[in-house]
Amino acid sequence: MVKKYMLGNEAIAYACCEADLDFASGYPGTPSSEVVDALRHQKMREFYIEWSVNEKIAFENALGAAWTGVRSLVTMKHVGLNVAADPLMTSSYTGVRGGFVILSADDPYAHSSQNEQDSRVYAKFARIPCFDPSNLQEAHDMMKGAYELSEEFSLPVLFRPTTRICHSKSDVELGDIGENHRTGKFTKNPKQYVVIPVHTRELHKELNKKQGPLARRLVELGLNHYEIKGDSAVIASGIAAEYVQEIIPEDVSFAKIGAYPIDTEWLSGFISKHKKVLVIEELSPLVEEEVRQAACETEVFGKKNGCVPYEGELDPASVALAFEKAGFAHKNKYPEPVAAGGLPPRPPLLCAGCGHRATFYAMKKVFGKNAIYPSDIGCYTLGLQMGAVDTTICMGASITVGSGMTHTGEENDVVCTIGDSTFLHTGIPGLLNAAYNGANMTVVILDNRITAMTGHQPNPNTGKTALGQESPLISLESLCRSCGVELVDTIDPYDLTGTLEAFKRAKGHKGVKVIIARQPCVIAARRAGIKRRKYEVDPETCTGCGLCVKYGCPAIEFYDNKASINELCSGCGVCADICPAGAIKTEGKR
Amino acid sequence: MKESFDLLIVGVGGQGTVLASNVIGDACLIEGRTVRSAETHGMAQRGGSVESHIRIDGKYGPLISKGTADLIISFDLLEALRYRHFLKDGGVIISSESMVMPTSAFTQGLAVPSADDIKAGLSDVKLITIDAAEIAKEAGSILSQNIVMIGCAAHHLPLSKESLLKAVRDLVPPKTIEVNEKAFELGFLKGI
């Protein structure tokens, strides 16, 4: 036993190593990414690991592995589970042989996401168990339990941490790294693995039969438990259980939901001993709905009567407010201070020297403000601040949303942007579809050769595997041409003139055009030791026109009607090309 | 009754708030105490405003509610004002004197309060400011500013100087131990 101060995702990864994991796959997505990152950087246990090109592919790989009898893990964020929803819904029918854990990290408050959906609903939909840890120690311990339960019931287990579990740190007590390794061996059984209707009808019955025993087992395992202390009670799940425990008075009963499905008899047994019950949970009212169904005489408080918000994340103060709204006393007092107003915001930005900024700049210069700019999921969504992002919905949708628009009679140019990782994720079928169906649009692949936003995970365009081994680079150019695109141009976004010319060529050409704007991510380039001379402004020549400032690079500042360049400059030189007075030069050169 | 000492570390993405939080967390473990923390990851980090919540002796959730933090360590003067409403009555703010200009000031022409304006806005709290950049340079590396800040804050943390220093030694890259020890000591002297 050893205690370490570690990140939730690291504790989860460590637990997988304790649990004899032999296969891991995933697609990066905040807040889930560090689980696979921690697994690929650890040296304690050897197993197969990959960053897959999307969540459906990662899921099916890990499912196949579990069918051969090894313990497997697949990781993603909540919206990634939508991509993997197809195999998920049937994997509960087929079941598994080796333990199979699907980690889907939720993001209440959408700190880094396009929505606030609740993965617990998917587990309920698929009728598989779901583990909902409330703290890091539990996340660690539950992960080991998840593998055991998965094998006990031959079912996939959904493991659902939230941002405040994944990106929290605490002292965590760790166990020993597992020493058992299994070798996969698939045993043919078409009645289990071939879901033609005649098989699937039987499999569905089997799945339904598991539900009652499963719910009872979760109570036996202590994952769902309660303490009776008075005639009113609070029921909480996930991290909300921690906030409740911080403020709950001594004479109020407490039930904690750590896993689903919830055993109805156990739940109604608890509720019936109380006059009123308050349910506290983040996101969907999943526990609350069960509580309301199980409650007869007991009065229920929660989201449905306005005590707990449906959206956003909770904290001790908001839980205390829910207590007050439901007429419950609580232990702590929370002031309501007002934040200082009128401060300039400091939102996340494209880095100084980011090639995406240069591409967006040239794109807007050629296509103008009336063109429509569908975009996608990645760092480049920040192009919103340059007026270069008009739509974002989900991975891959820039090309498909854009091509849809071109078939409606919309007369403005459609120019969509998509990152290399996103293009490989779900962009390819969209491009194929657009070209085949004769869309008239420009697709800009913002190729920085890595999955940057989530922490620089490699993808097939990086030429490295998850473990850092060299692998043949895919050719985006050949890929696009095979999709039926005739005009495929590759440009260096730091070369402003060449980039503008390429966009002009694309504008004058009918059909689907692809421009691959290739320049490595500046952070990755810096780590790889690439150094460029910084730029500086000659104050004598600077006319104070402010064009360089409008470019929006965090390295450019402006005081007393003169531009200047700070130490963030990475030497891309695009501002020098923008400056009409020729006042920006590399340092030391006049 | 509050059971934990609640510390908020704030700054601009890339300033080393995560390493600072790790030093505090490790020092807690050295002293055999519990600790809970929460930090900013992902896209929000890129040059954006970032925060680390750390609850020394914390047993429950990692989030600090507004108006309840015992101490705020800010790596940027403007961020000190942005997060001041997290501070409890009678709490302390330790801030770096320097300020990274928000890009919005130039691209959108937004007004940025001067150092004096900010200090005036913080006049009702116990504010300690230090020139962390200058001290870090004196220690041998501008990159050691975060350790300078921890050194200065050591007087207000419920952790011993020895545990904090040991945590610094354990966590910084081996080649930089000497510089960071010096950064800690110089920051510590400024805090007296």
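Here is a chat between two people about a predicted model with a chain A and a chain B.

Colleague: Let's start where the chains meet. How much area do chain B and chain A bury between them?

Modeller: The size of an interface is often given as the accessible area lost when the parts come together. Here the contact takes 50 residues from chain B and 53 residues from chain A. Of the buried area, 59% is on carbon and sulfur atoms. The total comes to about 4200 Å².

Colleague: Which pair of side chains meets in a salt bridge at 2.7 Å, N to O?

Modeller: Side chains of opposite charge can pair when their charged atoms come close. Across the interface of chain B and chain A, five salt bridges turn up. The cut-off for a salt bridge is 4 Å, and the pair you're after, at 2.7 Å, is A:Glu246 and B:Arg55.

Colleague: Which element gives the largest share of the side of chain B that touches chain A?

Modeller: There are 16 residue pairs in polar contact between chain B and chain A, both partners at pLDDT 80 or more. On chain B's touching side, α1 (17–30), β2 (35–39), β3 (49–56), α2 (77–82) and α3 (104–107) each supply at least two residues. The largest share is six residues, and that comes from α1(B).

Colleague: And by class, how many charged residues does that side of chain B have?

Modeller: Sort the side of chain B that touches chain A by class, and you get 21 nonpolar and 18 polar residues. The charged ones number eleven.

Colleague: Which residue of chain B stands opposite A:Ser168?

Modeller: Look at strand β8 of chain A, residues 168–174. That strand and β2(B) pair in the antiparallel sense over three bridges. Opposite A:Ser168, in β2(B), stands B:Ala38.

Colleague: Now inside chain A. Which residue forms a salt bridge with A:Lys3?

Modeller: The search over all chains finds 45 salt bridges in the whole structure. In this one, the closest N and O atoms are 3.7 Å apart. The pair links distant parts of the chain, with A:Lys3 in strand β1 (residues 2–7) and its partner in strand β8, 168 residues apart. The partner is A:Asp171.

Colleague: UniProt lists A:Cys542, A:Cys545, A:Cys548 and A:Cys579 as "binding site". Why can we say they gather at one spot?

Modeller: That label comes from an unreviewed UniProt entry. A:Cys542 is in the loop between β19 (535–537) and α21 (547–550) of chain A. The four span 38 residues in sequence, yet they gather at one spot, because no two of their C-alpha atoms are more than 10.5 Å apart.

Colleague: There's another "binding site" set in UniProt, including A:Cys553. How many residues does that set span in sequence?

Modeller: The set, also from an unreviewed entry, is A:Cys553, A:Cys569, A:Cys572 and A:Cys575. A:Cys569 is found in the loop between β21 (562–565) and α22 (574–578) of chain A. No two of the set's C-alpha atoms are more than 10.7 Å apart, so they gather at one spot, though their span in sequence is 23 residues.

Colleague: One for the backbone fans: what is omega for the cis peptide bond joining A:Tyr260 and A:Pro261?

Modeller: Most residues other than glycine have a negative phi, and most peptide bonds are trans. The bond from A:Thr30 to A:Pro31 is cis, with omega near 15 degrees. A:Pro261 is found in the loop between β12 (259–260) and α12 (264–271) of chain A. For the A:Tyr260 to A:Pro261 bond, omega is about 5 degrees.

How values were computed
Residues are numbered from 1 along each chain as its sequence is written. Chains are lettered from A and ligands numbered from 1 in the order in which they are written. This is a predicted model: local features need pLDDT of at least 70, side-chain atom pairs count only at pLDDT 80 or more; totals for chains, interfaces and linings use all residues. Side-chain values use heavy atoms; hydrogens and water are left out. Contact means heavy atoms within 4.5 Å. Buried area is the accessible area (1.4 Å probe) that two parts lose on being put together, summed over both. A polar contact is a pair of N or O atoms within 3.5 Å; within protein, one must be able to donate a hydrogen and the other to accept it, and residues adjacent in sequence count only if both atoms are side-chain atoms. Helices (H or I, at least four residues) and strands (E, at least two) are DSSP runs, numbered from the N terminus. Ala, Val, Leu, Ile, Met, Phe, Trp, Tyr, Cys and Pro count as nonpolar, Asp, Glu, Lys and Arg as charged, and the others, Gly among them, as polar. Two strands pair if DSSP finds at least two bridges between them. UniProt positions are given in the numbering used here, feature names are shortened, and annotations may be inferred rather than shown by experiment.
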